[in-house]
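Visitor: I would like to learn how to read the two sides of a helix. Could you take me through an example?

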Amino acid sequence: MAWSVILPGWFNRSSCADELMQQFQQSGQLQSLEKLIMQCGDDLYHFLLRQADAQLAADICQQCWLKVLENRHSYRSESRFKTWLFTLARNALVDELRKQQRWQFTESKDDELNTGQWRQAQHCIAEQLALLQQKERLALALAALPVLQREAILLQLEEFSLDDIAQITRELPETIKSRLRYARERLAQLMGEDNV
């Protein structure tokens with residue numbers, strides 16, 4: 001199971017993005033922008049990835065951060081930074097999909113979804129609901145793990161190698177290997193799956 005796809009940004013949430021954007025808006029210091037990217041970049045990318053291929057999602061992400069850099073004075077503090085950022089992303093994505101003639105649902109009042117489009121929309125909604133349920137189940141299963149096993153799994157989800165995890169936790173690689181094995185087995189039991 002690709003947990004990194006299921007858990008984008010779940011463990012890296014922050015409530016100070018608005019403050020960082022205000023600092024960046026006033027000072028123009030790139031350190032604030034870098035912190036914003038660290039806090040919101042994964043969420044933005046995964047939002048786009050669910051609607052486009054990986055290359056397009058990455059391109060739109062990059063465009064959005066450039067727009068934040070170039071248009072920092074157009075941000076209004078009445079709205080949340082993340083809302084503004086995702087608005088930029090959605091608009092850029094829609095523009096790009098329209099250019100590629102991949103934007104399937106038009107807003108003309110004469111247009112109605114044909115049966116094929118409706119089935120496709122239902123299928124997408126069902127997939128999103130299933131993914132949300134899977135996220136909830138995985139979050140609960142992770143919370144049920146012993147602390148050290150959960151720590152090892154979360155570090156692995158952050159794409160750290162076995163040696164990196166051992167270095168971070170100051171444990172032997174064999175100890176980390178065991179923790180990961182036990183954590184995977186326990187997650188499989190908790191989630192009712194044969195392979196994790």
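Guide: What covers the buried residues of α8 includes α7 (147-157) and α9 (173-191). Keep in mind that this is a predicted model.

Visitor: Which residues of helix α8 are buried?

Guide: Buried here means under 20% relative accessible area. In α8, residues 162-169, that applies to Ile165, Ala166 and Thr169. Seen down the axis of α8, these buried residues fall within an arc of 100°, so they line one face of the helix.

Visitor: Which residues are exposed on the other side of α8?

Guide: Exposed means over 50% relative accessible area. On that other side, Asp163 and Gln167 are exposed.

Visitor: What follows α8?

Guide: Arg170 follows α8, and its phi is positive, near 60°.

Visitor: Let us read a second helix. Which residues of α2 are buried?

Guide: Helix α2 spans residues 17-27, and its buried residues are Ala17, Leu20, Met21, Phe24 and Gln25. They cover an arc of only 135° around the axis, which puts them on the same side of α2.

Visitor: What do the buried residues of α2 pack against?

Guide: They pack against α3 (30-49), α4 (54-70) and α5 (81-99).

Visitor: Which exposed residues does the face turned away from the buried side of α2 carry?

Guide: That face carries Glu19 and Gln26, both exposed.

Visitor: And which residue follows α2?

Guide: Gly28 does, with a positive phi near 75°.

Key
Residues numbered from 1 in each chain as written. Predicted model: local features only at pLDDT ≥ 70, side-chain atom pairs only at ≥ 80, totals over all residues. Heavy atoms only, no water. Buried < 20%, exposed > 50% of the residue type's maximum accessible area, 1.4 Å probe, protein only. Helix = DSSP H or I, 4+ residues; strand = E, 2+ residues; numbered from the N terminus. Arc of directions from axis to C-beta. Contact = heavy atoms within 4.5 Å.
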